[in-house]
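Please open the structure in a viewer and keep the sequence panel visible. The stops below are arranged as a sequence of selections.

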Amino acid sequence: MAELTALQQDIITFYHRNPFIEYLHAEVIATEDGGVHLELSVEDEHTNLYGIVHGGVLMTLADTACGAACLALNKKVVTIDLGMDFMHSVPLTTRLIAKGTVLHDGRRTMTCESELRDRDGKLYAKGHGTFYVLGPFREEDEE
């Protein structure tokens with residue numbers, strides 16, 4: 001992949017300062033389109049008593065992927081509402097990829113969806129949410 005854009009680097013740095021994302025060991029990966037997605041290798045600490053990924057881990061990935069999609073449009077957001085559809089249980093050692101997409105880019109609110117898939121493209125869960133815009137992620141002179 002080509003060199004990271006300044007915005008991609010800022011998003012990666014932003015999420016590596018997030019204690020909960022670091023606690024989960026999620027990686028923020030730059031994408032060809034100028035954005036980022038999250039990746040997580042499922043370990044014991046991510047599972048529940050059934051030996052599958054805990055729903056809270058999946059919701060965190062979905063929420064963060066949506067937030068990253070908003071940051072890529074230079075908008076810092078917080079979650080108003082987040083829903084999830086769980087299609088399949090995620091087994092131990094799966095490498096999950098969480099990608100967010102902005103559906104509505106409003107001045108005060110944004111609507112996003114996210115997909116959580118493995119490297120083969122199998123869809124495990126889909127998130128959808130509404131986000132409140134706090135302001136710009138980067139100031140104009142940083143761009």
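Is Glu 113 buried, partly exposed or exposed? Because its relative accessibility is 25%, Glu 113 counts as partly exposed; here buried means under 20% relative accessible area, exposed over 50%, and partly exposed in between, with a 1.4 Å probe and protein chains only.

Before continuing, please note that this is a predicted model, in which local features need pLDDT of at least 70, side-chain atom pairs count only at pLDDT 80 or more, and totals for chains, interfaces and linings use all residues. Residues are numbered from 1 along each chain as its sequence is written, and side-chain values use heavy atoms, with hydrogens and water left out.

**Stop 1: Glu 113 and its partners**

Keep Glu 113 selected; the residue lies in strand β5. Helices (H or I, at least four residues) and strands (E, at least two) are DSSP runs, numbered from the N terminus. Next, display the surroundings of Glu 113: among the residues it touches are Cys 66, Lys 99, Leu 103 and His 128, when residues up to four places away in sequence are not counted. Contact here means heavy atoms within 4.5 Å. The C-alpha atoms of Glu 113 and His 128 are separated by 4.2 Å, although the two residues are 15 apart along the chain.

Now add Lys 126, which forms a salt bridge with Glu 113, the closest N and O atoms being 4.0 Å apart. A salt bridge is a side-chain nitrogen of Lys or Arg within 4 Å of a carboxyl oxygen of Asp or Glu. Lys 126 lies in strand β6 and Glu 113 in strand β5, so this pair ties together parts that are 13 residues apart in sequence. Extend the selection to Glu 115 and Arg 117: salt bridges that share partners join Glu 113, Glu 115, Arg 117 and Lys 126 into one network. Lys 126 is partly exposed, at 23% relative accessibility.

**Stop 2: two further salt bridges**

How many salt bridges does the structure hold? The structure holds 7. Select Arg 138 and Asp 10, whose side chains meet in one of them at 2.5 Å, N to O. Arg 138 lies in the segment after β6 and Asp 10 in helix α1 (residues 6-16), so the pair ties together parts that are 128 residues apart in sequence. Arg 138 is buried, with a relative accessible area of 7%, whereas Asp 10 is partly exposed, with 25%.

Then select Glu 39 and Arg 95, whose side chains form a salt bridge at 2.9 Å, N to O. Because Glu 39 lies in strand β2 and Arg 95 in strand β4 (residues 95-105), the pair ties together parts that are 56 residues apart in sequence. Glu 39 is buried, with a relative accessible area of 11%, and Arg 95 is buried at 15% relative accessibility.

**Stop 3: Asp 118**

From Arg 95, move to Asp 118, which touches Thr 94, Arg 95, Ile 97 and Tyr 124, not counting residues up to four places away in sequence. Asp 118 lies in strand β5 (residues 109-118). Which side chain of opposite charge is nearest to this residue? It is Lys 122, 6.1 Å away; Asp 118 is buried yet has no salt bridge. For this purpose Lys and Arg count as positive and Asp and Glu as negative, while His and the chain ends are not counted. The side chain of Asp 118 instead reaches the backbone nitrogen of Asp 120 at 2.9 Å, and it reaches the backbone nitrogen of Lys 122 at 2.9 Å.

**Stop 4: Thr 60**

Select Thr 60 in helix α3 (residues 55-71). Thr 60 counts as buried because its relative accessibility is 16%. Its side chain reaches the backbone oxygen of Gly 56 at 2.9 Å. Thr 60 touches Phe 20, Ile 21 and Leu 24, not counting residues up to four places away in sequence.

**Stop 5: backbone and loops**

Select His 25 in the loop between α2 (19-24) and β1 (27-30). His 25 has a positive phi of about 70 degrees although it is not a glycine. Asn 74, found in the loop between α3 and β3, has a positive phi of about 65 degrees and is not a glycine either. His 25 is partly exposed, with a relative accessible area of 45%, whereas Asn 74 is buried at 15% relative accessibility.

Finally, select Leu 49 in the loop between β2 (36-41) and α3. Leu 49 counts as exposed, at 87% relative accessibility.

Technical notes. A polar contact is a pair of N or O atoms within 3.5 Å; within protein, one must be able to donate a hydrogen and the other to accept it, and residues adjacent in sequence count only if both atoms are side-chain atoms.
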